[in-house]
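Visitor: I would like a quick tour of this structure. Please keep it brisk.

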Amino acid sequence: MNSNLKIHLLVNETAGNGRAKKILDRMVLLLIKEKITFDVKKSAFAGEAIRLAQTYADKQHLNNEVLIIIGGDGSLNEVLNGIKRSQNPLTPFAYLPAGTGNDFGRAANLPSDPQELLDNIKQHVFTPTLTDCGSFRLPEFSEQTYYFANSFGIGFDAYVNHLSNISNLKKLLNKLNEGKLIYGLHILSALYKQDTFHVDLEANGKRWHYNDAFLVTTTNHPYLGGGIPLLPCAKIDSHKIDTVIVEKDSLKKLVKLFLDLLKDGSHLNDPQFHYIEADKITVITNQKEFVQVDGEKIKRQPFKLEFAVDQFRLYR
Ligand SMILES: Nc1ncnc2c1ncn2[C@@H]1O[C@H](COP(=O)(O)OP(=O)(O)OP(=O)(O)O)[C@@H](O)[C@H]1O
């Protein structure tokens, strides 16, 4: 495979505040040095990687061709959705995490070093692995199925994500490598400001109702917001998805739960913390809340959501 290897690079150069561009440059140098044929496609605007990935996967590719994605979790989400919509939805790809959060890379234990990835690809042992992702449908709006690699969050985590994305300070502090500081400030702000909401859930033949939900996040693995271990026991290859519900009783109890989460994972024993593991789950909310899908914001609305576990083929 090595001698006639052909690499297709799909890159979001804006990811990771320029990190993706640096990783691309290093990858290109390596490919030239190793005389490996390659081409590069760059997303020119948000959302374009969906079409680029779909166009790639609409064609059949030979075993010696490998698509490598360079970008953050948002770019991975776009590629996953593009490939799933294509005529060959099991088209495999490799992913070099190059964003700011990189939660999927962390959960799947992926290398972020181009040399390491290339060495893996060059070895015969390197075959695509069926890897879990989540899917969701909004049956009241359309028949379309959407996919996520990390999580779909309603409430608190989506609000933090919203605050981070609108903050001009974020860009500046990210440049100074102080992005985590501003993220911490947004967490504090959202702890105060996020309202509670009603949620109904249905899975495994059972129903749940919470009057004072603060966070309802359906996740494929443990991490959120750049390495926060929301649900340490969630496994990326469990063929299940987990929906976490955090209730708000008082701000004091909520802050304690959050500190336990950061300290030692003992938040799992907190009476306000719940999770449901299932291969399918329906989630119904009653009011407009902030929503994030793989760190990208979607329109606020009351939801009826049908989640399911799905799979894609990833070189790991
Ligand atoms: N050329 C472009 N110009 C502006 N935005 C782009 C471009 N290409 C892609 N995007 C958008 O950039 C957004 C952020 O990308 P991505 O999530 O990959 O990086 P990140 O936010 O730095 O990383 P992470 O999500 O891991 O924290 C995505 O919503 C994507 O649609």
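Visitor: Where is Asn 161 found?
Guide: A caution before the details: this is a predicted model. Asn 161 counts as buried, with 25 C-beta neighbours inside 10 Å. Its place in the secondary structure is helix α6 (residues 156–166).

Visitor: Which residues is Asn 161 in contact with, leaving aside its neighbours within four places in sequence?
Guide: One partner lies 131 residues away in sequence: Gln 292. The C-alpha atoms of Asn 161 and Gln 292 are 7.1 Å apart. The full set of contacts is Gln 292, Gly 295 and Lys 297.

Visitor: How compact is the chain?
Guide: The secondary structure comes to 9 helices and 17 strands. The globule rule gives 20 Å for 316 residues, and the radius of gyration is close to that, so the chain is as compact as a globular protein of that length. The radius of gyration is 20 Å.

Visitor: What share of the contacts in the chain between residues at least 6 apart in sequence joins residues at least 24 apart?
Guide: For scale, the C-alpha trace spans about 60 × 45 × 35 Å along its principal axes. Of the 316 residues, 43% count as buried. Among contacts between residues at least 6 apart, the share joining residues at least 24 apart is 74%.

Visitor: In what order do the strands of the open sheet run?
Guide: This sheet has 4 strands, and the pairing is parallel. The edge strands, β2 and β4, each pair on one side only. Neighbouring strands are turned by 20 degrees against each other on average, direction ignored. The order is β2-β1-β3-β4.

Visitor: Which residue in β4 stands opposite Ile 70?
Guide: β3 and β4 pair in the parallel sense. Their pairing runs over 4 bridges. Opposite Ile 70, in β4, stands Leu 96.

Visitor: What angle does the direction of α2 make with that of β1?
Guide: α2 packs on the sheet and touches β1, β2 and β3. The angle between the directions of α2 and β1 is about 160 degrees.

Visitor: What covers the buried residues of α2?
Guide: In helix α2 (residues 48–58), the buried residues are Ala 49, Leu 52, Ala 53, Gln 54, Tyr 56 and Ala 57. Their cover includes β1 (6–11), β2 (37–42), β3 (65–71) and α3.

Visitor: Which helix gives the largest share of the shell around the ligand?
Guide: The ligand is surrounded by 21 residues, and the closest are Ala 46, Gly 72, Gly 74, Gly 99 and Gly 101. By class, the shell has 4 nonpolar, 14 polar and 3 charged residues. The largest share is 4 residues, and it comes from helix α3 (residues 73–85).

Visitor: Is Asn 102 buried or exposed?
Guide: Asn 102 is in the loop between β4 (94–97) and α4 (103–107). It is not a glycine, yet its phi is positive, about 55 degrees. Within 10 Å there are 25 other C-beta atoms, and the cut-off for burial is 20 or more. Asn 102 is therefore buried.

Visitor: And Asn 109, buried or exposed?
Guide: Asn 109 is found in the loop between α4 and α5 (114–122). Its phi is also positive, about 55 degrees. Inside 10 Å it has 8 C-beta neighbours, and 12 or fewer is the cut-off for the exposed class. Asn 109 therefore counts as exposed.

Visitor: Which residue takes a positive phi in the hairpin of β8 and β9?
Guide: Strand β8 (residues 197–203) and strand β9 (residues 206–219) pair in the antiparallel sense over 6 bridges. Asp 200 stands opposite His 209 in β9. The hairpin has 2 residues between the strands. The positive phi, near 50 degrees, belongs to Asn 204.

Visitor: Which residue in β14 is the bridge partner of Val 199?
Guide: β8 and strand β14 (residues 280–285) pair in the antiparallel sense over 4 bridges. In β14, the partner of Val 199 is Thr 285.

Visitor: What separates the C-alpha atoms of Thr 285 and Asp 200?
Guide: Thr 285 counts as buried, with 21 C-beta neighbours inside 10 Å. Beyond four places in sequence, Thr 285 touches residues including Ile 154, Val 216 and Phe 303. Thr 285 and Asp 200 are 85 residues apart along the chain. Their C-alpha atoms are separated by 6.6 Å.

Key:
Residues numbered from 1 in each chain as written. Predicted model: local features only at pLDDT ≥ 70, side-chain atom pairs only at ≥ 80, totals over all residues. Near = placed C-beta within 6 Å. Nonpolar A, V, L, I, M, F, W, Y, C, P; charged D, E, K, R; others polar. Rg over C-alpha atoms; globule rule 2.2 N^0.38 Å. Contact = placed C-beta atoms within 7 Å. Pairing = 2+ DSSP bridges. Axes fitted to C-alpha atoms, helices over the stretch in contact; angles between N-to-C directions.
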